[in-house]
Amino acid sequence: MKYPSREACFIFQKGGLHLRNRVKELRLRAGMTQQELAAAVRVSPRTIISLEKEQYNPSLLLAYRIACLFGTTVEELYCLRENLQQEETRYADLQ
């Protein structure tokens, strides 16, 4: 498998590639507010809002905290297979 160069990664970030996630879905299913989730994982409510709008990609530790809270994996929480396919498609389009 060929990995994108640093330049391609920069283009992806500049182009606004954000990780699709299930944070809002799982939070609502758990009956939690954004403030309650923020307190539980020790971040600001603004961080949760940004995560749910897919405007912010979290640190691995934050993603892990959220996944543990909802009893899922980071892979499932952040739809990593789907996000990888999307990235590979975008990278192929740059070629």
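1. In this predicted model, the stretch to treat with most caution is residues 1-14, where pLDDT stays under 50 and for which the model has 15 contacts beyond four places in sequence. Where pLDDT is low, the predicted coordinates should not be read in detail. For the chain as a whole, the mean pLDDT is 83, and 82% of the residues reach 70 or more.

2. Turning to secondary structure, the chain contains 7 helices and 0 strands, so that reading from the N terminus one meets the order α-α-α-α-α-α-α.

3. On packing, 63% of the chain's contacts with a separation of 6 or more join residues that lie 24 or more positions apart. Of the 95 residues, 31% count as buried, while the chain exposes about 6500 Å², with carbon and sulfur atoms supplying 53% of that area.

4. Which residues of the largest nonpolar core touch the most other members? They are Leu37, Ile66 and Leu77, in a core of 16 residues. At least two residues of this core come from each of helix H2 (23-29), helix H3 (34-41), helix H4 (45-52), helix H5 (60-69) and helix H6 (74-77), and H5 gives the most, with 4 residues.

5. Leu77 is a useful residue to look up in the structure, and its contacts can be followed one by one: leaving aside residues up to four places away in sequence, Leu77 touches Arg20, Asn21, Arg22, Val23 and Leu26, and also Ala63, Ile66, Ala67 and Thr72.

Note on methods:
Residues are numbered from 1 along each chain as its sequence is written. This is a predicted model: local features need pLDDT of at least 70, side-chain atom pairs count only at pLDDT 80 or more; totals for chains, interfaces and linings use all residues. Side-chain values use heavy atoms; hydrogens and water are left out. Buried means under 20% relative accessible area, exposed over 50%, partly exposed in between (1.4 Å probe, protein chains only). Contact means heavy atoms within 4.5 Å. Accessible areas come from the Shrake-Rupley method with a 1.4 Å probe; for residues, only the protein chains shown count as cover. A nonpolar core is a set of buried Ala, Val, Leu, Ile, Met, Phe, Trp, Tyr and Cys residues joined through side-chain atoms within 4.5 Å. pLDDT is the predictor's confidence in each residue, from 0 to 100.
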